[in-house]
Amino acid sequence: MISIVVTLALLAWLVSDSRWKMVGDAFSSITPGSFVTVTLALFVTYVLRALRVCDEFRDEVNGRFGACLRVILIHNAMINVVPFRGGETAFPLLLRQVFGVPIMRASASLLWFRLQDAFVVGVLALAVWPGLHAAIRIAGIAALIAAAWYLPRWARAPHDWAGRGRIVSKLGLLRDTFTEATGRSRYGWWWTIANWSLKLAVQGWLLALILGTSFTTAFPGVVGAEGAAILPVQGVAGFGTYEAGAAAALLTSGIAMKSGLQAALALHLFIFCSAIATGAIAWLFPSKSTLSGTPAVGPARKPSQ
């Protein structure tokens, strides 16, 4: 409730004078062809995420790519709408409804997905971040790759947590579930790398067009925005933290805070509208559930009189 009130207040402040016009001016230099290209590229990233889910849950999905894509589109829309990352809950719930995947296993897979995302984004950020010393760049990339390699092996290592008290035994169960999640996907890392490489590239390109600058100058802003998106305390749809993270990162490229906030807000609105539009379209096409006695998962319908 507080986040909704604060967000509405900020939007009212934004439209109260010329600030809203500034957002429109940020898009004025972008051609319709560029918008179409960015929109198609963003949709390809949704497809890559759906392929990752199909790979992870291939036994339950049985080739139903359309249902996987629908789960991803609705999940992505919920993340952009519900504050405090609450939209993440849509992923395990939809997998349970559509494919019968247990909540615990789906949640463990989602955790592993997010860890893979963090590792890949971290490596890409270190690889292109301006001004970093070569030694720091190489050492940081090596450390992230080593951690990504070690984590699933630690999870799969034998342990005696089941017999070490009530709390530790429950943690052991979570560890075993997480172990299963890390070992099921055959090409999970490749889907993740492809998704984030394309996603950051297209967002960086769009932000560069908005700012009227080069891709290398704009790219830190995209990384800063994505980093701010994982903060636990956020406004509705991430408004505020997203822009602040992008503008702060753009300072390293010599972009003034005011210009960075304006460009980041324009970029955020475009991404937000894309997520909501594709999620709404996906919601209109219900997926047949694999659970016996469970109706198709689709938009709510009023009962017949």
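**Exercises on rings, cores and a loop**

At 2% relative accessibility, Trp112 counts as buried, because buried means under 20% relative accessible area, while exposed means over 50% and partly exposed lies in between (1.4 Å probe, protein chains only). Keep this residue in mind; it returns in Exercise 1.

This is a predicted model, in which local features need pLDDT of at least 70 and side-chain atom pairs count only at pLDDT 80 or more, while totals for chains, interfaces and linings use all residues. Residues are numbered from 1 along each chain as its sequence is written, and side-chain values use heavy atoms, with hydrogens and water left out.

**Exercise 1. Describe how Phe91 and Phe113 pair, then do the same for Trp112 and Trp189.**

*Step 1.* Start with the rule: rings of Phe, Tyr and Trp (its six-membered ring) pair if their centres lie within 6.5 Å; planes under 30 degrees apart are stacked, over 60 edge-to-face and the rest tilted. The count comes to 6 aromatic pairs.

*Step 2.* Phe91 and Phe113 sit 6.0 Å apart, centre to centre, with 70 degrees between the planes, and form an edge-to-face pair. Phe91 belongs to helix 6 (residues 90-99) and Phe113 to helix 7, so the pair ties together parts that are 22 residues apart in sequence. Helices here are DSSP runs (H or I, at least four residues), numbered from the N terminus.

*Step 3.* Check the burial of each ring. Phe91 is buried, with a relative accessible area of 1%, and Phe113 is buried too, at 3%.

*Step 4.* Now the tryptophans: Trp112 and Trp189 are also edge-to-face, at 5.7 Å centre to centre and 85 degrees between the planes. Trp112 lies in helix 7 and Trp189 in helix 10, so this pair joins parts that are 77 residues apart in sequence. Trp189, at 29% relative accessibility, counts as partly exposed.

*Step 5.* Look for a further partner: ring pairs link Trp112, Phe119 and Trp189 into a cluster.

**Exercise 2. Find which residues touch the most other members of the largest nonpolar core.**

*Step 1.* A nonpolar core is a set of buried Ala, Val, Leu, Ile, Met, Phe, Trp, Tyr and Cys residues joined through side-chain atoms within 4.5 Å. Among the 36 residues of the largest one, Phe27, Leu206, Leu207, Ile210 and Leu267 touch the most other members.

*Step 2.* Ask where the members come from. Several helices each supply at least two residues of this core, including helix 2 (19-27), helix 3 (32-56) and helix 10 (188-211). Helix 13 gives the largest share, 8 residues.

*Step 3.* Apart from this core, there is a second, separate one of 25 residues, which includes Cys54, Val61, Ile72 and Phe113.

**Exercise 3. List the residues that His75 touches, not counting those up to four places away in sequence.**

*Step 1.* Locate the residue: His75 lies in helix 5 (residues 65-81). At 5% relative accessibility, His75 is buried.

*Step 2.* Use contact as heavy atoms within 4.5 Å. His75 then touches Gly87, Glu88, Ala90, Phe91, Leu94, Leu110 and Arg114.

**Exercise 4. Say what sets the phi of Asn62 apart, and whether Asn62 is buried or exposed.**

*Step 1.* Recall the background: most residues other than glycine have a negative phi.

*Step 2.* Asn62 is not a glycine, yet has a positive phi of about 55 degrees.

*Step 3.* Asn62 lies in the loop between helix 4 (58-61) and helix 5. With 63% relative accessibility, Asn62 counts as exposed.
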